[in-house]
Amino acid sequence: MEKPPLIILAGPTAVGKTDLSIALAKAVGGEIISCDSMQAYRYMDIGSAKISPEEMQGVPHYLVDELLPTEDFNVAVFMARAKKALESIYANGHIPIAVGGTGFYIQALLYDTEFTAEEDNQIRHRLEEIAQTEGGDALFRRLKEVDPASAEKIHPNNVKRVIRAIEYYELHGRPISEHNEQERRKESPYHFCYFVLNDSREHLYENIDKRVDLMLQAGLLEEVQKLHQMGYSRDLVSMQGLGYKELLEYLEGDISLDEAIYKIKRDTRHFAKRQLTWFRNKPEVTWVSKDEFGYQKDQILSYMLEQLHEKNIIS
């Protein structure tokens, strides 16, 4: 049985995926599945750099504006919704294009990774209490003991993922890294092409700083104020997003506005660096470096279409 086609357009934050994804979708008859951990939330438009209806230019998008900020969005929720999106796109006779910077979501989609719905709220609440009373460091030390491989890959400040890894170990008696390694050995059920858009480090960091300034000019602080007034607090997963948590710290009087802006820019640069590290470890990736094409979108698109022809994803 012939595998269905799938195109992936990934890359670090602020590299320019959105604009290129629309041009690509129009060229191949594609529909877009957002692989972004923040764009699924309503009311969080500016800070997530969410594509606007006008920017979509009629290209259907999935997993954009689908959840309230109070709802948890994790890889299991993503997979359930992404699979439904794939069914709709194939039924429409179109090619799905997975677009975003959340590498973990992309990898799960690409290899149709199964995530157990099984969870133990008691374990999770106990671990969350440890994080609050003893700090994230105590949890991270526990993770190093039970799953050193995951501790190598998960940032100590990413408390949500640290908790998930420990929770998996306590539920199943084996490390989540072992489970993930088994999943990684699976063959993809899709006939795919996996592009990663990249730029020079200097140019990417400049763009990140500029984009933060533009977000603030566009009303990011007002957006966070409104969310705060609506009762969306710092402890929600949604409000841990870059730009939101720092401005909430400012609004709650913990830091100055200048400090908040500095932290957003610094942490976004660090985030982009971690994203690139993730993609570099994926052998199936086709790198597309903007600087090598003189930043000409038409040339970048032509190269991508050539690759898709060569792989018989488009005719």
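# Exercises on a predicted model

The largest nonpolar core of this predicted model has 48 residues, and those with the most contacts inside it are I8, I33, F73, F78, L109 and Y194.

## Exercise 1. The core and its suppliers

Find which helices and strands each supply at least two residues of this core, and which of them gives the largest share.

*Solution.*
- Step 1. Start with the strands: β1 (5-10) and β5 (191-198) each supply at least two core residues.
- Step 2. Add the helices. α3 (75-91), α4 (103-110), α10 (201-217), α11 (220-229), α12 (244-251) and α13 (257-280) also supply at least two each.
- Step 3. Rank the shares. The largest, seven residues, comes from α3.
- Step 4. Look beyond this core. Another core lies apart from it, with 33 residues, among them I7, A14, L20 and I313.

## Exercise 2. Contacts of Y194

List the residues in contact with Y194, leaving aside neighbours within four places in sequence.

*Solution.*
- Step 1. Y194 touches I8 and A10. Both numbers fall in β1 (5-10).
- Step 2. Y194 also meets I106, Q107 and L110, which fall in α4 (103-110).
- Step 3. The remaining contacts of Y194 are W278, F279, K282, E284, V285 and T286.
- Step 4. Two of these contacts also interact with each other: K282 lies over the face of W278, at 4.1 Å from the ring centre.

## Exercise 3. The sheet

Give the strand order, and explain why β3 and β6 each have one side without a neighbour in the sheet.

*Solution.*
- Step 1. Six strands form an open sheet in the order β3-β2-β4-β1-β5-β6, with parallel pairing.
- Step 2. β3 and β6 stand at the edges with a single partner strand each, so one side of each has no neighbour in the sheet.
- Step 3. Place α3. This helix packs on the sheet and touches β1, β2 (30-34), β3 and β4 (95-100). The direction of α3 makes about 175° with that of β2.
- Step 4. Check the β6 edge. Five bridges join β5 to β6. In β6, T286 is the bridge partner of F195.

## Exercise 4. Two aromatic pairs

Classify the pairs F73–F78 and F293–Y303, then state how buried each residue is.

*Solution.*
- Step 1. Recall the description: a pair of aromatic rings is described by the distance of the centres and the angle of the planes.
- Step 2. F73 and F78 are 6.5 Å apart centre to centre, with 75° between the planes. Angles over 60 count as edge-to-face, and F73–F78 is such a pair.
- Step 3. F73 is buried at 2% relative accessibility. F78 is buried at 0%.
- Step 4. The ring centres of F293 and Y303 lie 5.3 Å apart and the planes stand at 45°, so this pair is tilted.
- Step 5. F293 sits in the loop between β6 and α14, and Y303 in helix α14, 10 residues apart. F293 is buried at 16%, whereas Y303 is partly exposed at 23%.
- Step 6. Widen the view. The structure holds seven aromatic pairs. Ring pairs link Y41, F73, F78 and Y105 into a cluster.

## Exercise 5. Positive phi

For L63 and Y295, give phi, the location, and whether the residue is buried or partly exposed.

*Solution.*
- Step 1. L63 is not a glycine, yet its phi is positive, near 65°. L63 lies in the loop between β3 (61-62) and α3.
- Step 2. L63 has 2% relative accessibility, so it counts as buried.
- Step 3. Y295, also not a glycine, has a positive phi of about 60°. Y295 lies in the loop between β6 (285-289) and α14 (297-310).
- Step 4. Y295 has a relative accessible area of 35%, so it is partly exposed.

Notes:
Residues are numbered from 1 along each chain as its sequence is written. This is a predicted model: local features need pLDDT of at least 70, side-chain atom pairs count only at pLDDT 80 or more; totals for chains, interfaces and linings use all residues. Side-chain values use heavy atoms; hydrogens and water are left out. A nonpolar core is a set of buried Ala, Val, Leu, Ile, Met, Phe, Trp, Tyr and Cys residues joined through side-chain atoms within 4.5 Å. Buried means under 20% relative accessible area, exposed over 50%, partly exposed in between (1.4 Å probe, protein chains only). Helices (H or I, at least four residues) and strands (E, at least two) are DSSP runs, numbered from the N terminus. Contact means heavy atoms within 4.5 Å. Two strands pair if DSSP finds at least two bridges between them. Axes are lines fitted to C-alpha atoms, for helices over the stretch in contact, and angles run from 0 to 180 degrees between N-to-C directions. Rings of Phe, Tyr and Trp (its six-membered ring) pair if their centres lie within 6.5 Å; planes under 30 degrees apart count as stacked, over 60 as edge-to-face and the rest as tilted. A charge sits over a ring if NZ of Lys or CZ of Arg is within 6 Å of the ring centre and within 35 degrees of the ring normal.
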